[in-house]
Amino acid sequence: MYDPISLKVKDGARSRKFYQRALAPLGYKVIDESGGGAGFGAADGAALWIAPGRPHEPTIHVAFAAADRASVDAFHKAALDAGGRDNGGPGIRENYGPSYYAAFVFDPDGNNIEAVCQKAGGSKRGR
C-alpha cells in the first residue's frame with residue numbers, strides 16, 4: 001500500500017479546510033503539519049499529505065475506503081458543503097461491482113476524490 005499519497009495544492013489554507021471537512025465523515029483528521037502542509041489520516045498515520053505548490057497535471061484520482069454507505073453519503077455532502085464540485089453522487093457503481101457504493105467530488109484543484117464502501121447490503125440502491 002501507500003504511505004502517504006502527497007498532493008501539491010494551489011492554496012494550502014483552502015485545501016486544508018476542504019479536506020478537513022470532506023474527510024471527517026471517514027474518520028480522518030489533521031494529524032501532522034509542516035511547511036504549510038498538512039497530513040490527514042487516522043491515529044496510526046497520515047494517508048494523505050497536502051502541501052502548497054504547483055498542482056499535479058494531469059489531476060489525479062484518490063479513493064478513500066468508507067466504513068459504510070452512510071459514511072459515503074456524509075463524505076459527499078461534507079465535500080460539497082466545503083466547496084467541492086460534484087462528480088457523481090452516492091450510489092451503486094455496478095460497472096465496478098454489485099456492492100461498489102461510491103461518491104465522487106472534485107477538490108479545489110480539480111482532483112477526483114472518491115469515498116467507497118464495498119460491503120454488500122445496505123438500504124440504498126444505485127441512483
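Buried means under 20% relative accessible area, exposed means over 50%, and partly exposed lies in between (1.4 Å probe, protein chains only). The model is predicted: local features need pLDDT of at least 70, side-chain atom pairs count only at pLDDT 80 or more, and totals for chains, interfaces and linings use all residues. Residues are numbered from 1 along each chain as its sequence is written, and side-chain values use heavy atoms, with hydrogens and water left out.

**Exercise 1.** Decide whether Phe40 is buried or exposed, and describe the ring pairs that link Phe18, Tyr19 and Phe40.

Solution.

Step 1. Phe40 has a relative accessible area of 1%, so Phe40 is buried.

Step 2. A pair of aromatic rings is described by the distance of the centres and the angle of the planes. Rings of Phe, Tyr and Trp (its six-membered ring) pair if their centres lie within 6.5 Å; planes under 30 degrees apart count as stacked, over 60 as edge-to-face and the rest as tilted. The structure holds 4 aromatic pairs.

Step 3. One of them joins Phe18 and Tyr19, with 5.0 Å centre to centre and 85 degrees between the planes, which is edge-to-face. Phe18 counts as buried at 1% relative accessibility, and Tyr19 counts as buried at 1% relative accessibility.

Step 4. For Tyr19 and Phe40, the ring centres are 6.0 Å apart and the planes stand at 45 degrees, so this pair is tilted. Tyr19 lies in helix H1 (residues 12-23) and Phe40 in strand S3 (residues 37-42), so the pair ties together parts that are 21 residues apart in sequence. Helices (H or I, at least four residues) and strands (E, at least two) are DSSP runs, numbered from the N terminus.

Step 5. Ring pairs thus link Phe18, Tyr19 and Phe40 into a cluster.

**Exercise 2.** Describe the surroundings of strand S9 (residues 112-117).

Solution.

Step 1. In S9, 6 of the 6 residues are buried, so the strand is largely enclosed by the rest of the structure. Asn112, Glu114 and Val116 point one way, while Ile113, Ala115 and Cys117 point the other way.

Step 2. Two strands pair if DSSP finds at least two bridges between them. Strand S5 (residues 61-65) pairs with S9 in the parallel sense over 5 bridges, and Ala65 stands opposite Val116.

Step 3. Strand S8 (residues 101-106) runs antiparallel to S9, joined by 6 bridges. Here Phe104 stands opposite Glu114.
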